[in-house]
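Visitor: Please take one part of this model and go through it closely. Then follow the chain out to the surface and to its charged pairs.

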Amino acid sequence: MSQGNVCIHGEWSSRTAFILAATGSAVGLGNIWRFPYITGENGGGAFVLVYLLCVFLIGLPVMIAEILLGRQGKRSPINTMRTLAQQYKTSQIWQIIGWSGVLAGFLILSYYSVIAGWALAYIQLMATTLSNIPEHAVAVEVVEQTFSQLTGDPIQLIIWHTLFILGTMMMVVGGVQGSLERAVRTIMPALLLLLLILFGYALSTEAFLEGVAFMFSPDFDKALTSKSLLDALGQAFFTLSLGMGAIMIYGAYLPRHAPIGETTVVIVISDTMVAILAGLIIFPIVFSSGLDASDGPGLAFLTLPIAFIQMPFGIFFGVLFFVLLSLAAWSSAISIIEPVIAWMVEQGIPRLVATIIAGLGSWLIGLLTVFSFNYWSEFYPLAAWSIQLNWFEILEYLTFNIMLPLGGLGIAVFVAWIIPHAARTDELDTNPRSILYNVWLFLLRYMTPIGVLLVFLNSIGVFS
Ligand code: TRP
């Protein structure tokens, strides 16, 4: 069990290792696949603005809170919440944060892995189908066909989904510290470099300015429905890996003296830059090739190959890009499932068995998402309650729009209202009168709870 201050799961070797791992967790499909498509569906500019507000006014403070809790508890989210509730003599009801995190971990990994499977499949597709298109004029057609062929074929989807889950399991089985730092150290700069190359291409398209305008000139009249507010909030939590204990467990492995505040700012800014960059690449391509910004979950997979087909050395860059995207997804997936595994290990289950249970569980639930893109695309399990969503959309809604914001709300309230002042200032190594500390506390005390509750009430129609 735990010896003194060191947790049973081990520690990161340094603060840099933690920054790398947390950035690896944050930067993933959320930035490159989800951000552009959800921005497109919600009409652009105004949505991006609300998203950025959510990231900096709600996400950033919650991330600090989540790391702080993890480092105090030094255990899986369930046991961290249990120990801290005991220590601060408050209700064990707070454990719910940990339990909902474990459930969210299974559910999120289940579809995350299917989409990451697309990225894997595109490594091969870039090198084959998409590499010998006779005429540029037909590029858009071929790319659209390729995407619908892939998603229409459950067997292929299952194969790639299985490979991705196996890859994730192989990494977590040995414990996440160590090789993860080394991997992320290469993956992130390489991914950034390729995004910059793609950005160069986007600059050269005739619709570059149209893409920029779509992202940055808000049109509040048509864009901001109550659903878009909820989408922006959910996306902010998802992209920063917040609200389910992933960052908490990474915080649990953080050495005692590493400064939490600055570290968090670095992570949040890097993550946001990648998402914005992805948008600035994808929207110009959307408009210059006559696609539709609200094309949905396929958006990145429909646009990026068009760029690769048309640019010099495109096939080489394309293959490399999808390799890197798969790796970025993989370094995120690890953090989605780690809270579950850490908890099982604390219950005395060997790490190998825990990994198999978690992997198999997510794999099975993932089949619901696989079939949502073909056989069951129009099967609405909750139709009786007039909810027209297929399985994938239900899982997405439940995790993004409900579980993560509520988890984040719980974490904010616990840290801002329940634990004593000294516990916060000690852990953050700060003076209670420091301005930054008080801004943070204010945001966490008022902004997060009020923001999350207003968006929620709004989305169930209280204000309409
Ligand atoms: N943030 C990752 C991304 O943008 C996904 C992710 C990793 C995540 N760990 C998480 C999302 C925990 C929610 C909770 O792709």
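Guide: Buried means under 20% relative accessible area, exposed over 50%, and partly exposed in between (1.4 Å probe, protein chains only). The model is predicted: local features need pLDDT of at least 70, side-chain atom pairs need 80 or more, and totals for chains, interfaces and linings use all residues. Numbering runs from 1 along each chain as its sequence is written, and side-chain values use heavy atoms, without hydrogens or water.

Start with α14, residues 299–310. Helices are DSSP runs of H or I, at least four residues, numbered from the N terminus. α14 is mostly covered: 11 of its 12 residues are buried. Among them are L299, F301, P305 and F308. From first C-alpha to last, α14 reaches 17 Å, close to the 16 Å expected (1.5 Å times one less than the number of residues).

Step back along the chain to the loop between α13 (260–288) and α14, where D292 sits. D292 is partly exposed, at 42% relative accessible area. D292 joins E141, E144 and D295 in a patch of negative charge on the surface. Patch residues have over 30% relative accessible area and no salt bridge; like charges are joined within 9 Å, and nonpolar side chains (Val, Leu, Ile, Met, Phe, Trp, Tyr) within 5 Å.

α13 also helps build a nonpolar patch: α3 and α13 each supply at least two of its residues. The patch consists of L49, L53, F56, L57, F220, V265, I269, M273 and M447, with about 740 Å² of accessible area together. α3 gives the largest share, 4 residues. L53 belongs to α3 and is partly exposed, at 46%.

Just past α3 comes K74, in the loop between α3 (45–73) and α4 (77–87). K74 is buried, with 9% relative accessible area. Its phi is near 60°, positive in a residue other than glycine. Most residues other than glycine have a negative phi. S241 also has a positive phi, about 60°, and is not a glycine. S241 lies in the loop between α11 (226–239) and α12 (246–252) and is buried, at 11%.

Now the charged pairs. The structure holds 6 salt bridges (a side-chain nitrogen of Lys or Arg within 4 Å of a carboxyl oxygen of Asp or Glu). K74 takes part in one with E11, at 4.0 Å from N to O. The pair links distant parts of the chain: E11 is in the segment before α1 (15–26), and the two residues are 63 apart. E11 is partly exposed, at 32%.

A second pair sits within α11. D231 bridges to K227, with the closest N and O atoms 3.0 Å apart. They are 4 residues apart in the helix, so about one helical turn separates them. D231 is buried, at 3%, while K227 is partly exposed, at 37%.

A third pair is R256 and E427, at 3.2 Å from N to O. R256 is in the loop between α12 and α13 and E427 in α18 (421–428), so this pair ties together parts 171 residues apart in sequence. R256 is partly exposed, at 34%; E427 is buried, at 7%. R71 is linked with these two in a network of salt bridges.

One more long-range contact closes the tour. L457, in α19 (435–459), is partly exposed, at 35%. The C-alpha atoms of L457 and S226 are separated by 9.3 Å, though the residues are 231 apart along the chain.

Notes:
Accessible areas come from the Shrake-Rupley method with a 1.4 Å probe; for residues, only the protein chains shown count as cover. Lys and Arg count as positive and Asp and Glu as negative; His and the chain ends are not counted. The place of a charge is taken as NZ of Lys, CZ of Arg, CG of Asp or CD of Glu.
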